[in-house]
Amino acid sequence: NAYQKARLVNRESRMGAQTKLIEQQKRLGHFITNANLLFILTIIITFGMVFLLIRQYALRLRESKAQSELRDQRDLLSVLFENVSLGITLWGKTDNFLFSNNGFTEITGYSKNDLQTLGDWFSLAYPDREYRNKVLNDWKDSSNKKEAIHQFKVVCKSGEMKDIEYRGAFLKDGRLLVTMSDTTWRVKAEEEKTNAQKLVAE
C-alpha cells in the first residue's frame, strides 16, 4: 500500500508539473505573440512617421518653390511697372488712390504724396472748373465700358500744360486702372502741320 501511494503521489506530481509546464508554455507563447505584434506595430508606426515627415518636407519644399516663383513674378511686374514709359495709376472702389509708378510722376510731376483720392487728381490736373466738369462727364459716360480712351490737357505740378492720352480699364472688382502717355509733341506736330497746310492753301 505504501508503495502504491508513493507511485500515485509521484504520478500526481508529474502530472502537476506537466500541467504547469504546459501553462508556462502557453503563457510564453502568448508573450511571444504579443511581443511580435508589438514589434510589427512599432515598425508600422515608425514607417508611418517617416512617411509623414517626408511628405511634410516635400510639401514645404513645394510651397517654398511656389512662393519663390510668386515672388519672382511680383518682382518682375514691379520692375516693369517702374521702368515702363507709360504713367500708371490704380484707383480703389471708393475713388481712393492705391498706386502709381515712376512714369506717372515723370509725366505729371505728381506723386502719391499729392493724391489721396480721385477728386484730388481732378482738382490739381484740371483747375479750371468748366474744363474739369467736361473731363468728369467724359469719364462718367465711359464708366460702363471695359476700356475707355481719352485725351485731355493736364496742368502738371510744375504748372506746365501737357496733352495726355488716357486709357482706362474698369476692373471687375470695381477698381480703375489708368495708363497715360504724353502726346504733347504729337499734338503740336499735328497743329503745325495743319497751320502749314492753311498757309499753303492761302
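What share of the 202 residues in the protein do buried residues make up? I looked this up first, and buried residues come to 22%. I note here that the model is predicted.

**Entry: overall layout**

I counted five helices and five strands in the protein. Reading from the N terminus, I wrote the order down as α-β-β-α-α-α-β-β-β-α. For the surface, I have about 15,700 Å² exposed by the protein, with carbon and sulfur atoms supplying 57% of this area. I then turned to contacts between residues at least 6 apart in sequence, and found that 35% of them join residues at least 24 apart.

**Entry: helix α1**

I went to helix α1, which spans residues 2-83, and picked out I45 there. The relative accessibility of I45 is 45%, and I45 is therefore partly exposed, since that class runs between the 20% limit for buried and the 50% limit for exposed. Together with L41 and M49, I45 makes a nonpolar surface patch of about 300 Å².

**Entry: the nonpolar core**

I looked next at the buried nonpolar side chains. In soluble globular proteins, such side chains tend to be buried together. Here the largest nonpolar core has 20 residues, and the members that touch the most others are W91, W121, Y126 and Y166. Two or more residues each come from α2 (102-108), α3 (118-125), α4 (129-141), β3 (147-155), β4 and β5 (176-182). Helix α3 gives the largest share, four residues.

I took Y166 as the example and listed its contacts, setting aside neighbours within four places in sequence. Among them are the aromatic residues W121, Y126, W139 and F152. Y166 also touches A148, I149, H150 and V154, as well as V178, T179 and M180.

**Entry: K162**

Is K162 buried or exposed? I found K162 in strand β4, residues 161-170. Its relative accessibility is 11%, so K162 counts as buried, the limit being under 20%.

I then asked what the side chain of K162 reaches. One partner is the backbone oxygen of I107, at 2.8 Å. Another is D182: K162 and D182 form a salt bridge in which the closest N and O atoms are 3.9 Å apart. This salt bridge links distant parts of the chain, K162 being in strand β4 and D182 in strand β5, 20 residues apart. D182 has a relative accessible area of 29% and is partly exposed, whereas K162 is buried.

With neighbours within four places left aside, the contacts of K162 include E106, F152, K153, V154, C156 and T184. I107 and D182 are on that list as well.

**Entry: other salt bridges**

How many salt bridges does the structure hold? I recorded seven.

I checked K157 and D114, whose side chains meet at 3.2 Å, N to O. K157 sits in the loop between β3 and β4, and D114 in the loop between α2 and α3, so that I logged the pair as a link between distant parts of the chain, 43 residues apart. D114 is partly exposed, with a relative accessible area of 25%.

I went on to D163 and K153, which form a salt bridge at 2.7 Å, N to O. D163 lies in strand β4 and K153 in strand β3, so the pair ties together parts that are 10 residues apart in sequence. D163 is buried at 9% relative accessible area, and K153 is partly exposed at 34%.

I also noted a network of salt bridges that links E165, R167 and R186.

**Entry: D95**

Where does D95 lie? I placed D95 in the loop between β1 (87-91) and β2 (97-100). With a relative accessible area of 40%, D95 is partly exposed. Apart from neighbours within four places in sequence, D95 is in contact with T117 and L118. I also took the separation from G174, which is 79 residues away along the chain: the C-alpha atoms of D95 and G174 are 9.6 Å apart.

Technical notes
Residues are numbered from 1 along each chain as its sequence is written. This is a predicted model: local features need pLDDT of at least 70, side-chain atom pairs count only at pLDDT 80 or more; totals for chains, interfaces and linings use all residues. Side-chain values use heavy atoms; hydrogens and water are left out. Buried means under 20% relative accessible area, exposed over 50%, partly exposed in between (1.4 Å probe, protein chains only). A polar contact is a pair of N or O atoms within 3.5 Å; within protein, one must be able to donate a hydrogen and the other to accept it, and residues adjacent in sequence count only if both atoms are side-chain atoms. Contact means heavy atoms within 4.5 Å. Patches are made of residues with over 30% relative accessible area and no salt bridge: like charges are joined within 9 Å, nonpolar side chains (Val, Leu, Ile, Met, Phe, Trp, Tyr) within 5 Å. Accessible areas come from the Shrake-Rupley method with a 1.4 Å probe; for residues, only the protein chains shown count as cover. A salt bridge is a side-chain nitrogen of Lys or Arg within 4 Å of a carboxyl oxygen of Asp or Glu. A nonpolar core is a set of buried Ala, Val, Leu, Ile, Met, Phe, Trp, Tyr and Cys residues joined through side-chain atoms within 4.5 Å.
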